[in-house]
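Me: I am new to this structure and would like a close look at a single part. Please start there and then walk me outward to what lies around it.

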Amino acid sequence: MTDTSFLEHLAAARSDAEFARTAAGFAILQIYDSVKTNGLSGFHRDTLHGIESDVAAIDAAPNVRAALEAMACALQFWESAGPVRVGRKATYTSLLMYGQALGSEGEWAMAAKVFALAGMDTELDGETWLAAESRLMMGRAYRMCADWEMAQIAYHRASQLGREAGDLSIAFRAQIGEANLLWSRGNLQGARLRLTGIARQARRSCPSVVPRVTLALAGVANMSGEYEQAISLAFGILDTLEDDDELKYQTLVDLASFLSDYGLPAVASAALRVVQKAAPERHVRRHATLNLFFLAAHHENAAAFDALGAELAGERLTPRQQAQFALFTAQGCRRFARLDEARSAAQRAIELANRYEHFQLVFEAETELSDILRAIENAPSEIPQRPERFRSNTVAVSDDVMPNPSAISIDLDSVPVEIREVAESLDFMAARHGVGTSSAMGGAMGGAMSTAMSGAQ
Amino acid sequence: MGYVYAAVAGHGIIESIPDTRQLLAALALPSDDCLVLDPALLTPGIAQSIAASIAQFPRPVVAFSSVSTAALESSVILAQRTPARFVFRGTANERSLLERAVLLTPDAEFCAALLSRLDANLNLLPAAIRERLVAMFRTGDGPDSPDGLSAAVSLPRRTMDRYIADAGFVSTRRMVEATHLTSAYRAITRSRIPFTTIASLLGYKSHRTMDAQFTLLLDTTTGRLRTRPLRVAEAADILAVRLTERKTRRRSSAPRNPPEDAKPSLTLIQGRPRPRHVRLKASGEPTTKP
């Protein structure tokens with residue numbers, strides 16, 4: 001199955017670089033399969049050395065290259081060290097690294113197959129912890145592909161294996177994944193009940209996982225239109241995440257999304273700028289920049305929009321992100337009455353989204369293009385306001401860029417005190433990281449936002 | 001280093017030794033402090049020296065590293081000659097794995113005492129199972145369930161259970177539970193890590209569940225064990241008895257290291273007398289009846 005997935009990807013490759021990095025991954029997986037079945041031979045070693053030098057030359061994201069190099073190196077120690085089997089552990093770990101690297105590049109279908117392969121092999125090899133981890137990652141990858149059934153199966157198995165391996169955090173994370181599937185399918189009430197139950201159990205037996213459950217509950221609250229509760233829940237866990245970078249920045253991205261949905265894009269920008277400045281992982285920073293670009297296209301001035309656009313143009317974006325970048329460019333250009341630029345960006349968004357089969361984006365880009373054409377025919381006008389708050393997509397907020405801002409920015413004076421405190425804290429956090437605060441951006445967003453932010457200052 | 005600080009999370013004191021000469025000097029003195037090292041920073045020669053020091057003065061070792069050739073070269077040496085537990089970086093939940101490795105380090109003296117008491121029984125096991133079990137006791141790592149163990153030694157679960165029973169052990173599950181107990185023994189007797197944390201790290205739903213397991217295997221609760229620690233020899237005696245309460249069965253006429261896929265049904269095909277504990281179900285599938 002992994003072979004088919006890679007071959008399909010090779011057949012559909014649109015550039016030499018894409019073909020080369022997929023081919024390198026495919027070749028390593030073939031060798032892995034052969035070493036696993038027949039043991040390591042001199043031929044395998046020679047081939048692995050060859051691939052190691054090839055990988056250094058291919059045009060791939062650093063994490064993809066690192067994962068491929070780790071695989072090539074670990075395979076050479078496959079049968080080493082007797083019963084402790086460090087070579088196998090290292091190989092399985094690098095297989096998981098490769099799956100994660102593919103995921104961070106947006107190649108979720110291939111990532112899912114790699115995780116499935118790792119899950120099967122580790123389980124057969126008695127590496128229960130790695131098997132649980134593989135199944136958990138597999139669940140996420142299938143969720144990103146919107147394959148709910150496979151995601152459900154993977155999460156369920158991850159939960160079982162996590163308990164078997166004695167790692168309750170994996171078991172609980174898998175259960176959170178199952179709850180996320182429920183709300184992805186629209187069952188908000190079921191998801192909330194499930195998450196509340198998980199939170200109760202986690203408080204008793206695995207407190208370290210409680211912030212994750214809380215964040216998932218905040219996502220459900222946001223989906224239910226309870227924006228203030230979502231913001232309070234997400235903000236409430238930030239203090240507890242000082243030594244957990246991964247979850248801290250995921251929480252900030254989610255919080256930004258909730259704030260944006262609520263109608264406080266300037267405050268959302270402050271949160272995103274902290275992520276953009278401080279997140280250790282490049283793909284997380286890139287994700288934040290793209291979100292900021294989206295907010296700039298809809299709420300900020302042309303200078304901020306152009307600066308972020310220039311920053312993103314120099315980034316290595318995944319195909320989906322490329323299509324989103326083009327779409328947001330079109331939206332921003334139309335708002336700033338640069339209609340020719342907007343039209344070509346929208347056309348590019350349609351082409352990219354079609355090429356990589358992101359049909360929701362195709363639909364959005366086509367709608368945008370028709371708006372642009374209408375604007376060209378008539379006088380240039382402001383971007384039409386969306387009639388109501390958009391509901392979030394079917395994936396977790398932090399998993400992807402969420403083009404769902406509230407149409408209207410609301411006055412910070414009119415929001416509850418707790419939300420104002422959140423805005424102040426995020427401002428303070430942004431200032432501490434040396435990035436523009438929401439009050440600084442408020443000026444660009446109109447009088448209401450300036451007034452709103454004066455209190456925060 | 002940040003990962004290790006986060007994993008220890010105030011449950012212990014961390015001393016950083018940035019220089020290998022200082023490290024080797026520190027290892028030349030008896031101590032049972034856990035040593036956390038990055039094999040990528042060691043040459044094979046230094047890894048050999050560390051292994052020699054640890055053989056002389058045993059202590060828990062955790063090797064935490066990214067996957068690289070340098071790291072694996074040193075890791076192989078450490079794996080062969082020390083009770084090191086390995087955590088490779090690159091997985092999403094590596095933090096919880098590192099936490100378990102650092103906080104649940106087996107007590108070298110207790111493990112040695114227990115293994116010496118189980119030696120006769122362990123010698124009745126095929127090499128693959130014996131080596132695996134010994135590694136699990138020494139490193140505190142390994143398959144966490146009977147099914148995982150049977151997969152790791154490439155034997156059907158039923159066959160492995162039969163070998164374990166034939167060697168005089170109560171059950172495979174109890175052996176696996178015993179490895180959990182030995183990995184938590186040091187944290188209970190020589191640290192102030194809360195019991196709920198230890199229970200959670202071992203995968204027990206509650207402290208009470210962990211206590212039930214300790215009472216079964218060691219005749220004491222974790223609370224009592226912390227306030228009135230047993231002598232190592234006494235604890236090893238009790239645990240060895242709990243693991244081998246059943247009398248040792250007659251030694252099997254099967255070879256000591258039979259083929260990995262050996263199944264009772266093969267015995268039937270060859271026309272040899274059927275072992276008493278094997279009964280055929282209607283489907284023809286053998287069932288162990290100890």
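Which helix makes a right-handed β-α-β unit with strand 1 and strand 2 of chain B?

Reply: Happy to help! It is helix 3 (residues 44-56) of chain B that makes the right-handed β-α-β unit with these two strands. Before we go on, please keep in mind that this is a predicted model, in which local features need pLDDT of at least 70, side-chain atom pairs count only at pLDDT 80 or more, and totals for chains, interfaces and linings use all residues. Residues are numbered from 1 along each chain as its sequence is written, chains are lettered from A and ligands numbered from 1 in the order in which they are written, and side-chain values use heavy atoms, with hydrogens and water left out.

A few terms will help. Helices (H or I, at least four residues) and strands (E, at least two) are DSSP runs, numbered from the N terminus. A crossover counts as right-handed if, with the strands pointing away from the viewer, the path from the first strand over the helix to the second runs clockwise. Two strands pair if DSSP finds at least two bridges between them.

Now to strand 2 of chain B. Strand 1 (residues 35-37) of chain B pairs with strand 2 in the parallel sense, over three bridges. Leu37(B), for instance, has Ala63(B) as its bridge partner in strand 2 of chain B. Strand 3 (residues 84-88) of chain B also pairs with strand 2 in the parallel sense, with five bridges. Here Phe64(B) has Val87(B) as its bridge partner in strand 3 of chain B. From strand 2 of chain B, the chain reaches strand 3 through helix 4 (residues 69-81), and this β-α-β crossover is right-handed.

How covered is strand 2 (residues 61-65) of chain B? Mostly: five of its five residues are buried, where buried means under 20% relative accessible area, exposed over 50% and partly exposed in between (1.4 Å probe, protein chains only). Val61(B), Ala63(B) and Ser65(B) point one way from the strand, while Val62(B) and Phe64(B) point the other way.

Strand 3 of chain B takes us to a cavity. Cavities and pockets are found on a 1 Å grid over the protein atoms alone: a cavity is a set of points where a 1.4 Å probe fits but cannot get out, a pocket is an open set with protein on both sides within 12 Å along at least five of seven lines, and lining residues have an atom within 4 Å of a point. Grid points are joined across faces, edges and corners, and a volume is the space filled by probe spheres set on the points. The structure holds seven cavities of 30 Å³ or more, and the largest has about 220 Å³ of space. Its lining counts 19 residues, with Lys89(A), Glu127(A), Trp129(A), Leu97(B) and Asp141(B) nearest the centre. Two or more lining residues come from each of helix 5 (86-104) and helix 7 (128-144) of chain A, and strand 3 and helix 5 (94-103) of chain B. Strand 3 of chain B gives the largest share, four residues. By class, the lining has seven nonpolar, five polar and seven charged residues; Ala, Val, Leu, Ile, Met, Phe, Trp, Tyr, Cys and Pro count as nonpolar, Asp, Glu, Lys and Arg as charged, and the others, Gly among them, as polar.

Strand 1 of chain B leads to an open space instead. It is one of the elements that each supply at least two residues to the lining of the second largest pocket, as are helix 1 (2-8), helix 2 (20-27), helix 5 and helix 10 of chain B. The volume of this pocket is about 1300 Å³. Among its 38 lining residues, Ile14(B), Glu15(B), Cys34(B), Leu35(B) and Val36(B) lie nearest the centre. Helix 2 of chain B provides the largest share of that lining, four residues. The lining holds 22 nonpolar, seven polar and nine charged residues.

Helix 10 of chain B also appears at the second largest cavity, where it gives the most to the lining, with three residues. That cavity has about 130 Å³ of space. It is lined by 15 residues, and Arg100(B), Gly140(B), Asp144(B), His180(B) and Ser183(B) are nearest its centre.
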